[in-house]
Amino acid sequence: MRMSFPFRMRLALSAVAAVIVAMSGLTSAQILYPLYDGYNLVDLGVNMPGWNFAYAINNNGQVVGDMQQWGGSLTAFRTQANQPMTSSDGLGVLSGDYRSYAWALDNNGYVYGESVHNNSYIQSRGYRWGYNGAVMEDLHPTAFTATNSSYRGTNDYGWNVGYYTTGKFGTPHALISFGSPYTYQMDTWLSSPAPYSSAAFDSNNLDQMVGWMSQYSTSQPRAFMFDAAANVWRRMDIPTLSGGIWNKAYAINESSQIVGESDKWVGTSRWTHAFLFRDANKNYVIDTGELVDLDVNNSTQSAALAINNSGVAVGYSGSPDIVYGNSRAM
């Protein structure tokens, strides 16, 4: 349950975090650009000295991301409901670390992300913040060898998903945690034997999780939905768009609508398009009309990165390269 970007390179959209919110007592000085139907674009970083990015928002209007503090430190943040960030919104870092990211939060206000240690392995550790007060809890796996871990999605019942790696540039493996010490290798749930690589990006309140996996080292990544509800424990592979050989799923809502990106064959080239998929009749079979190409502009590159319970998806179109890209929020 999140509205977050799976890779930082997706965030070439702005160097200042901003959010569209309904009018809620914010002053005119905080409004950058008036939009339609009583909505406004609000600068969440108006009180801060440097850059900041917003990655997720919950139903209460709390926003998480990462920011540069007044002293220059780089830290995850969680705002108060429908308010710009302040220095006191910084979440800090795990002991010995130098910066942190917040990728997801639930409707209880609990935050999930990663804290980074600047050693030879550039180790990151997944964390949870707010569950036991205003503290950052280390949820890095201890039951198995992991050099890096990161949590990218959650639901309101504490199903926190992400991935871990072993080694500095190790292969990612899907991860799930219900809080320390209940952290597990989710990739072993996906297939037997476990896939060569995998990552999980979101979980809904129906205990369904989405991400991608590559069964073998030579396999292309394929999007999946793993259903753990009512002891089903079943993986459904999500189809690619026409002629595609790979896809990735990034978000799922409470209606089991899934969004992501998929390559497709266009003429003599492979393009990447945002997609939406839903197993409408819940038969675990790919039926006509269940997979939708969302890129009606027929761009060479686009992706859907989040979806709300009304079925509205957000993402980008264009190259997401933060230096040379031309991406636009969609």
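**Strand β14 and its sheet**

In the predicted model, the hairpin formed by β14 and β15 has five residues between its strands, and G179 takes a positive phi near 105° there. The two strands of this hairpin, β14 and β15 (residues 183-185), pair in the antiparallel sense over three bridges. Within this pairing, Y184 of β15 is the bridge partner of I176.

On β14, the pairing with β13 (residues 160-165) is likewise antiparallel, and five bridges join these two strands. I176 of β14 again takes part, since V161 stands opposite this residue. I176 is thus set against V161 and is also bridged to Y184 in β15.

These pairings belong to an open sheet of four strands, arranged in the order β12-β13-β14-β15 and with antiparallel pairing. The edges of the sheet are occupied by β12 (148-153) and β15, each of which has a single partner strand, so that one side of each is left without a neighbour in the sheet. From one strand to the next, the twist averages 30°.

The burial of β14 (residues 173-177) was considered next. With buried taken as under 20% relative accessible area, five of the five residues of this strand are buried, and β14 is therefore largely enclosed by the rest of the structure. The burial extends to both directions in which the residues point: H173, L175 and S177 point one way from β14, whereas A174 and I176 point the other way, and all are buried.

Terms used:
Residues are numbered from 1 along each chain as its sequence is written. This is a predicted model: local features need pLDDT of at least 70, side-chain atom pairs count only at pLDDT 80 or more; totals for chains, interfaces and linings use all residues. Side-chain values use heavy atoms; hydrogens and water are left out. Buried means under 20% relative accessible area, exposed over 50%, partly exposed in between (1.4 Å probe, protein chains only). Two strands pair if DSSP finds at least two bridges between them. Axes are lines fitted to C-alpha atoms, for helices over the stretch in contact, and angles run from 0 to 180 degrees between N-to-C directions.
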